[in-house]
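Biologist: I would like to understand the words used for a structure like this one. Could you take me through them, starting with the empty space inside?

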Amino acid sequence: MNLILLGAPGAGKGTQAEVICNALNIPTISTGNMLRAAVKAGTEYGLKAKAAMDAGALVSDDIVIGILKDRIAEPDAQNGFILDGFPRTVPQAEALDAMGVTIDKVVEIFVPDETIKQRLSGRRVCLDCGATYHVDFKPSKVEGVCDVCGKELVIRKDDQPETVISRLKTYHEQTAPLKDYYLAQGKLVTVTGQDSVEETSRLTLEAING
Ligand code: AP5
């Protein structure tokens, strides 16, 4: 099964991707995590992506489409995958269609902007394995330490309040039009992401299996 998780920054795409990945045994492909790893490693495209990411803008379509194309060609993605953070523009969605990839379902996780601002202020992430926590709603077992790999948890640079406002604006202007794109293909299902992580997982899995 090939799935897309759509939603504003902080809506809970990464959190739900972890749950779906375990439930369906298919990998999560997060362009955000791949770009952060490239920035950390100082690769050529990491250097190109950094300024846009720090400003809460989108990285150029050609860079992101290139890394996505390489990633979905890997062996572990041949039985299905969850796309978290891709596509983010209509040209990216068109590129995916042009690659011949069949998307089974697009789940939009809807959360209002005000809730998102609160959530991102409490988010902590592991830059090593990509696991995500929240100081109140999903704390790690030991404060500041990743449950999965034991590395340090940090605040993402783009979770500063002013960058969050830019990211939300970018989402509404450039990514939200994808709802109409996938609605026209009969693939869009919207779930509310305002309840607990567990209840959102229940609704998301129901939407996928329905
Ligand atoms: P990316 O890493 O994809 O960031 P994003 O889309 O902004 O999404 P987030 O990772 O911030 O949020 P999320 O929805 O995964 O929420 P999470 O589960 O963490 O992209 C970063 C940047 O890379 C972009 O700005 C752009 O520059 C670039 N980029 C990436 N892909 C690109 C592309 N395709 N094209 C161009 N540029 C691209 O949850 C958030 C917090 O809330 C966590 O603390 C979590 O624990 C908590 N939480 C989750 N669910 C709940 C709940 N139900 N109740 C309470 N708390 C909850």
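Modeller: Gladly. A cavity is a set of grid points where a 1.4 Å probe fits but cannot get out. This is a predicted model, and its largest cavity has a volume of about 60 Å³.

Biologist: What makes the count of cavities come to 1?

Modeller: The count takes in cavities of 30 Å³ or more. The largest cavity, at about 60 Å³, passes that cut-off, and the total comes to 1 cavity.

Biologist: Which residues line the largest cavity?

Modeller: Leu5, Leu6, Gly7, Lys13, Gly85, Phe86, Pro87, Arg88, Tyr171 and Thr175 line it. Strand S1 (2-6) and helix H7 (161-175) each supply at least two of these residues. By class, the lining has 5 nonpolar, 3 polar and 2 charged residues.

Biologist: Why is the other space, the second largest pocket, called a pocket?

Modeller: It is called a pocket because its set of points is open, with protein on both sides within 12 Å along at least five of seven lines. The second largest pocket has a volume of about 280 Å³. Helix H2 (31-41) and helix H3 (44-55) are the elements that give two or more residues to its lining.

Biologist: How do you know which classes its lining holds?

Modeller: Asp, Lys and Arg count as charged, and the lining includes Arg36, Lys40, Lys50, Asp54, Arg156, Lys157 and Asp158. Val, Leu, Ile and Met count as nonpolar, and Val39, Met53, Leu127, Val154 and Ile155 are also in the lining. The classes therefore come to 5 nonpolar, no polar and 7 charged residues.

Biologist: Now to the strands. What makes S5 and S6 a pair?

Modeller: Two strands pair if there are at least two bridges between them. S5 and S6 have 3 bridges, in the antiparallel sense, so they meet that cut-off. In one of the pairings, Val125 has Thr132 in S6 as its bridge partner. The hairpin of S5 and S6 has 5 residues between the strands, and Gly130 there takes a positive phi near 90°.

Biologist: How do you know that strand S5 (residues 123-126) also pairs with S7?

Modeller: S5 and S7 are joined by 2 bridges and run antiparallel, so the cut-off of at least two is met. Cys126 has Leu153 in S7 as its bridge partner. The 3 strands form an open sheet in the order S6-S5-S7.

Biologist: Why are strand S6 (132-134) and strand S7 (153-154) called edge strands?

Modeller: Each of them pairs on one side only. Helix H6 (residues 113-121) packs on this sheet, touching S5 and S6, and its direction makes about 50° with that of S5.

Biologist: What is the order of strands in the sheet that has 5 of them?

Modeller: The order is S2-S3-S1-S4-S8, in an open sheet with parallel pairing. Its edge strands are strand S2 (28-30) and strand S8 (188-192), and the twist averages 25° from one strand to the next. S2 and strand S3 (residues 81-84) are joined by 3 bridges, and Ile29 has Leu83 in S3 as its bridge partner. Helix H9 (residues 197-209) lies across S1, strand S4 (105-110) and S8, at about 165° to S8.

Biologist: Last one: at what angle do helix H4 (residues 61-72) and helix H5 (residues 90-98) cross?

Modeller: Their axes cross at roughly 35° and come within 10 Å. The crossing is right-handed. Asp61, Val64, Ile65 and Leu68 in H4 meet Pro91, Gln92, Ala95 and Leu96 in H5, a contact with 6 nonpolar, 1 polar and 1 charged residues.

Terms used: Residues numbered from 1 in each chain as written. Predicted model: local features only at pLDDT ≥ 70, side-chain atom pairs only at ≥ 80, totals over all residues. Heavy atoms only, no water. Axes fitted to C-alpha atoms, helices over the stretch in contact; angles between N-to-C directions. Helix = DSSP H or I, 4+ residues; strand = E, 2+ residues; numbered from the N terminus. Left-handed = near helix turned anticlockwise from the far one by under 90°. Contact = heavy atoms within 4.5 Å. 1 Å grid on protein atoms, 1.4 Å probe; cavity = no way out; pocket = protein on both sides within 12 Å on 5 of 7 lines; lining within 4 Å. Points joined across faces, edges and corners; volume = space filled by probe spheres on them.
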